[in-house]
Amino acid sequence: MGEGQDQWIRVPVGDDAARWATRVRCRRVLLVVHNVTSATRLLDVLPLFDDDLGVQLLATCTGSSAFRSGVAELLADVGVPVLPWEQALATPVDLAISASFGGELAALKGQLIVLSHGIGYTKRLAAPSTEHRAPSTEHRAPSTEHRAPSTEHRAPSTLPPVFGLAPDWLLSEGAPLADALVLSHPEQFDRLAAACPEALPTAVLAGDPCFDRMLAARPYRDRFRRTLGVGRGQRLVLLNSTWSSQSLLGDGGDDGDDSLPALLPRLTSELPADEYRVAAVLHPNIWHGHGPGQVRAWLDRARRSGLALIDPLEDWRQALVAADLVIGDHGSVTYYAAALGTLAILGAAPLESLDPDAPIADFVRTAPRLDTRSPLRGQVDTLIEDHTPQPGPMHFTSSVPGESAARLRRTFYELMGAPEPSRPALLVPLPLPAPEPARRTAPLRVLTRLRAGAEVAVTRYADPVREPAGAGDAHLAAHEDTRDPGQLDLADVIFRDGSPDDARLGPPGRWTAEVLARHPHCALAAYVTGHASCVVRTRDGSLLRLTAGAEADADPAAYASAIHAWLAAGRTRAALLADGLTVRTGSTAHHVVVTAEVDDAVPGDGTRQAPPATSPTPPAGRSTAHADGADAPRAGRRSPRTGS
């Protein structure tokens, strides 16, 4: 990276480090970071050195990746001393751990172990430039037992080499670059033996720590689902894309297929909002190559329709464990999903970039495809219901599931020539992510049907591409924060979410009165105060609190739409207060208790009371809700739609 020595750190390594350090006899373990993607695998194994007072962790960045954004922030969060790359090359260490082959790894002074940062080595990638990988072994001579026979008679290939298995990546001056190459399954030994037999003596079967963490987390699947706002009866559909123009998010290059722009709005508009949760896991190289702000801008409409963007560093594994269906491509995450037994279907499936002998190539050849020209809901439901997990991905991801921690730590300490700690080697459990409830500010087209007894079926579609099909009366529900304020003048129901004591909005009763005064053609205003409750005001000024029962877990805004449908059909407020209401979303029933709320919209305090139910006269076809059913409006008219 070329920093001058004035940028080199002085503690705990440096010319006078012994003068300033507190523990001076530690073995040095250097984490060699290529980019954020490779760093994720290093973070998986970092805890294997916990509690060892004889180890000093260090980190450095090779500076050789095209994806450099985010690395400095990541290393700052890890909190271990970071050496400039030139200082790392000059500093003797006991062990260097890399999850990539980028940079001048041969020039490091110490034992080198290389891990895969995905599901083994599967992709073809152009060989590294010699300007980024110095072949000199002046600082680090490999042991003679690793030296290989000459490769001058190896037949040349016109295809790019397989990353991590070809001599282009594995050898330096004809000898193995690494002292240990970690593989997760014996099939990788076979491909390594065929591609680069010189490196075979360095291979170590040590499993997959990333996969082991997901396997250990499977008993907590329901917790991860609740964290993502997935309720009873809901299905979590997870989009996954690796990087490159041939990926699911990619535009196909000059003459490829760019299907995602059409797929995204269809996913959020064809799958009912209360029956499906849609989320996306994107490769870190997408985030840090194009910029997080750009990624969020590209997916803005989908996010406003309820798409959750999952953190690509911390939370993607939990989302994978929680998913019912993954729509992906040829990347590792899609294969991990299949290895967990989750249905994985392909929205993009380029084979030319894969090693044809790798198990993932067979998966891409045989996995079901998403038909983007056909209705999505039928495909999704049928595939989920008919799914039988295939044994191949689970078998080939790791031949020693659950053993990676013990095998890796043993290898680390053997390479350092240090006694291994006596306590068990353990990985860190996947943490429970911060709650990620669905928040939809795009307009919602709502279909409602009154059923027997006090029950209303509600089906909501977020910003549908076309008018949803299905029986029932339709109305428009709009979040107050919609991007298009014109939707508020068309909405039958206006809602928002917030704390009931948020002084910026006023108490819920005051906010609902202001909304009805500001939007005279709105029939009902709803203030969502929590995950199971909201306060609604009807056009006649009645203020009601809706509280879900212990088992109800739908969006309270759906309860508000059910109340609107109930009153618009001429049913009475008294019946609601007496018996409550059952709201059905899909096959799931949610019982809602309805109580009269103390009205905090006091006349004369600067707020405007809701106008009486008879004024002003709504336009033709506009439905209004009446508390006791007098002058009941005609139901079933569909409000015009102008977009989000």
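**Strand pairing, helix burial and pocket lining in a predicted model**

In strand E23, Ala596 is the bridge partner of Leu544. This contact belongs to the antiparallel pairing of E21 with E23 (residues 588–596), which comprises five bridges. The structure described here is a predicted model. Its chain contains 22 helices and 23 strands, and 55% of the 644 residues are buried. Of the contacts between residues at least 6 apart in sequence, 69% connect residues that are at least 24 apart.

E21 and E23 are both members of a barrel closed by nine strands, whose order is E15-E16-E22-E23-E21-E20-E19-E18-E17 and whose pairing is mixed. From one strand to the next, the twist averages 30°. On its other pairing, E21 (residues 543–548) runs antiparallel to strand E20 (residues 533–538), to which five bridges join it. Within this pair, Arg537 is placed opposite Leu543 of E21. E20 and E21 form a hairpin with four residues between the strands, and Gly541 there adopts a positive phi near 95°. A parallel pairing in the barrel is provided by strand E16 (residues 455–462) and strand E22 (residues 581–585), joined by three bridges. Here Val456 faces Val583 in E22.

A separate set of seven strands forms an open sheet in the order E3-E2-E1-E4-E5-E8-E9, with parallel pairing. Its edges are strand E3 (82–83) and strand E9 (203–205), each of which pairs on one side only. In the interior of the order, strand E5 (residues 111–114) pairs with strand E8 (residues 180–183) in the parallel sense over two bridges, and Val114 stands opposite Leu181 of E8. Helix H6 (residues 186–195) lies across E8 and E9, and its direction makes an angle of about 165° with that of E9.

Among the helices, H7 (residues 209–217) is mostly covered, with eight of its nine residues buried. These buried positions are Pro209, Cys210, Phe211, Asp212, Arg213, Met214, Leu215 and Ala217. The elements covering them include helix H2 (36–45), H8, helix H13 (316–322), helix H14 (332–339), helix H17 (391–397) and helix H18 (404–416).

H8 also appears in the analysis of pockets. The second largest pocket has a volume of about 800 Å³. Its lining consists of 35 residues, and those nearest the centre are Pro437, Ala438, His531, Asp555 and Pro556. Two or more lining residues come from each of helix H8 (221–227), strand E18 (493–497), strand E19 (524–530) and helix H21 (556–568). The greatest contribution is that of E19, which supplies three residues. E18 and E19 are thus named both in this lining and in the strand order of the barrel. Classified by residue type, the lining of the second largest pocket comprises 14 nonpolar, eleven polar and ten charged residues.

Key. Residues are numbered from 1 along each chain as its sequence is written. This is a predicted model: local features need pLDDT of at least 70, side-chain atom pairs count only at pLDDT 80 or more; totals for chains, interfaces and linings use all residues. Side-chain values use heavy atoms; hydrogens and water are left out. On a 1 Å grid over the protein atoms alone, a cavity is a set of points where a 1.4 Å probe fits but cannot get out, and a pocket is an open set with protein on both sides within 12 Å along at least five of seven lines; lining residues have an atom within 4 Å of a point. Grid points are joined across faces, edges and corners, and a volume is the space filled by probe spheres set on the points. Ala, Val, Leu, Ile, Met, Phe, Trp, Tyr, Cys and Pro count as nonpolar, Asp, Glu, Lys and Arg as charged, and the others, Gly among them, as polar. Two strands pair if DSSP finds at least two bridges between them. Contact means heavy atoms within 4.5 Å. Axes are lines fitted to C-alpha atoms, for helices over the stretch in contact, and angles run from 0 to 180 degrees between N-to-C directions. Buried means under 20% relative accessible area, exposed over 50%, partly exposed in between (1.4 Å probe, protein chains only).
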